[in-house]
Amino acid sequence: MKFFVDTADTAEIADLAATGLLDGVTTNPSLIAKSGRDFMEVTKEICALVDGPVSAEVIALDHPTMMKEAEVLRKIADNVCIKVPLTVDGLKTCKALTDDGAMVNVTLCFSANQALLAAKAGASFISPFVGRHDDNGFDGLDLLRDIRLIYDNYNFETEILAASIRHPIHVLESARIGADVATMPPAVIRALFKHVLTDKGIEGFLADWAKTGQTILK
Ligand code: E4P
């Protein structure tokens with residue numbers, strides 16, 4: 001399972017990339033706004049911090065303007081992945097871009113039928129929003145299960161990118177279901193490392209080690 005971080009905070013991205021466990025980054029207009037940075041400038045910086053895909057979202061809602069925006073975004077770096085919304089124009093743009101060899105992440109997916117359409121449009125990634133689905137009284141994980149089943153039925157190569165992840169259980173369940181990628185806020189990635197018994201175990205080992213009076217590094 002690939003781990004992407006869902007942020008435009010370059011300090012967080014650099015710190016997580018240093019673990020060697022980060023496979024990519026997703027951004028969206030809200031995250032860019034939160035960063036307070038210039039879109040092009042911060043996206044370029046993020047692309048240099050990770051080798052994997054960096055999703056940068058178009059703003060236009062019509063296909064011709066989406067194509068023009070995508071053309072600008074594609075020039076930022078080779079690892080830019082164009083993010084388009086799951087609309088008719090978004091999928092037209094997805095088809096045209098992937099036919100032309102670009103990476104495309106189709107975002108704001110809330111139904112398995114939408115995911116089926118995105119796969120038919122050649123999407124590199126489909127982003128079902130698990131947390132927002134839950135927030136609205138649906139089961140986000142059931143959505144993932146349906147998409148996994150459908151994609152496997154037809155051997156679609158589109159990668160399932162579990163998005164809008166709110167906590168470690170979402171990550172665990174997404175992995176059980178077989179999502180290809182999870183994009184998570186930095187705090188959720190950090191929480192995956194933690195376990196109270198790990199901390200307690202280290203504490204106990206160090207206390208016993210101190211009694212030996214030994215050192216490894218002389
Ligand atoms: C995915 O690419 C989106 O940026 C993101 O996961 C949205 O998550 P949110 O519902 O926490 O805003």
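Tutor: Let's start with a word we'll need: a residue is called buried when under 20% of its relative accessible area is left, and exposed when the value is over 50%. Keep in mind that this is a predicted model.

Student: Which residues of β4 point one way, and which the other?

Tutor: V80, I82 and V84 point one way, while C81, K83 and P85 point the other way. Every one of them is buried.

Student: What makes the two sets alternate like that?

Tutor: In a regular strand, side chains alternate between the two faces of the sheet.

Student: Why is strand β4 called mostly covered?

Tutor: Count its residues: β4 covers residues 80-85, and six of the six are buried. Each of them is therefore under the 20% cut-off.

Student: How do you know that β3 and β4 are paired?

Tutor: Two strands pair if there are at least two bridges between them. Strand β3 (residues 54-57) and β4 have four, so they pass. The two run parallel, and A56 stands opposite I82 in β4. Between β3 and β4 the chain goes through helix α4 (residues 63-74), in a right-handed β-α-β crossover.

Student: What makes β5 a partner of β4 as well?

Tutor: It's the bridge count again: five bridges join β4 to β5 (residues 103-109), so the need for at least two is met. These strands also run parallel. I82 turns up here too, opposite V104 in β5.

Student: Why is the unit of β4, α5 and β5 called right-handed?

Tutor: Look with the strands pointing away from you: the path from the first strand over the helix to the second has to run clockwise. The unit made by β4, helix α5 (residues 88-99) and β5 is right-handed, so its path runs clockwise in that view.

Student: Let's turn to the ligand. Which residues are around it?

Tutor: They are D6, T26, N28, K83, F129, R132, A163, S164 and R166. To be listed, a residue needs a heavy atom within 4 Å of the ligand.

Student: What makes the pairing of D6 with the ligand a polar contact?

Tutor: The limit for a pair of N or O atoms is 3.5 Å. A polar side-chain atom of D6 lies 2.7 Å from an oxygen atom of the ligand, so the pair is within the limit. A polar side-chain atom of N28 is also 2.7 Å from a ligand oxygen, and for an N or O atom in the side chain of R132 the distance to a ligand oxygen is 2.7 Å. On its own the ligand has 350 Å² of accessible area, and the protein covers 86% of that.

Student: S164 is in that list too. Is S164 buried or exposed?

Tutor: Its relative accessibility is 10%, which is under 20%, so S164 counts as buried. You'll find S164 in the loop between β7 and α9.

Student: What is unusual about the phi of S164?

Tutor: Most residues other than glycine have a negative phi. For S164, which isn't glycine, phi is positive, near 55°. L108 in strand β5 is another non-glycine residue with a positive phi, about 60°.

Student: Why is L108 called partly exposed?

Tutor: At 32% relative accessibility, L108 falls between the 20% and 50% cut-offs, so "partly exposed" is the label.

Student: Why is G36 called exposed?

Tutor: G36 has 68% relative accessibility, which is over 50%, so it counts as exposed. G36 sits in the loop between α2 (29-35) and α3 (39-49).

Student: How do you know that D51 is exposed?

Tutor: Same test: its 81% is over the 50% cut-off, so D51 counts as exposed. D51 is in the loop between α3 and β3. Along the sequence D51 and D23 are 28 residues apart, but their C-alpha atoms are 7.4 Å apart in space.

Student: What makes the link between E159 and K2 a polar contact?

Tutor: Their side chains are joined at 2.8 Å, and that is within 3.5 Å, so the distance fits. E159 belongs to strand β7.

Student: And the whole chain: how many helices and strands are there?

Tutor: The protein chain has 11 helices and eight strands. Of its 218 residues, 45% count as buried.

Notes:
Residues are numbered from 1 along each chain as its sequence is written. This is a predicted model: local features need pLDDT of at least 70, side-chain atom pairs count only at pLDDT 80 or more; totals for chains, interfaces and linings use all residues. Side-chain values use heavy atoms; hydrogens and water are left out. Buried means under 20% relative accessible area, exposed over 50%, partly exposed in between (1.4 Å probe, protein chains only). A polar contact is a pair of N or O atoms within 3.5 Å; within protein, one must be able to donate a hydrogen and the other to accept it, and residues adjacent in sequence count only if both atoms are side-chain atoms. Accessible areas come from the Shrake-Rupley method with a 1.4 Å probe; for residues, only the protein chains shown count as cover.
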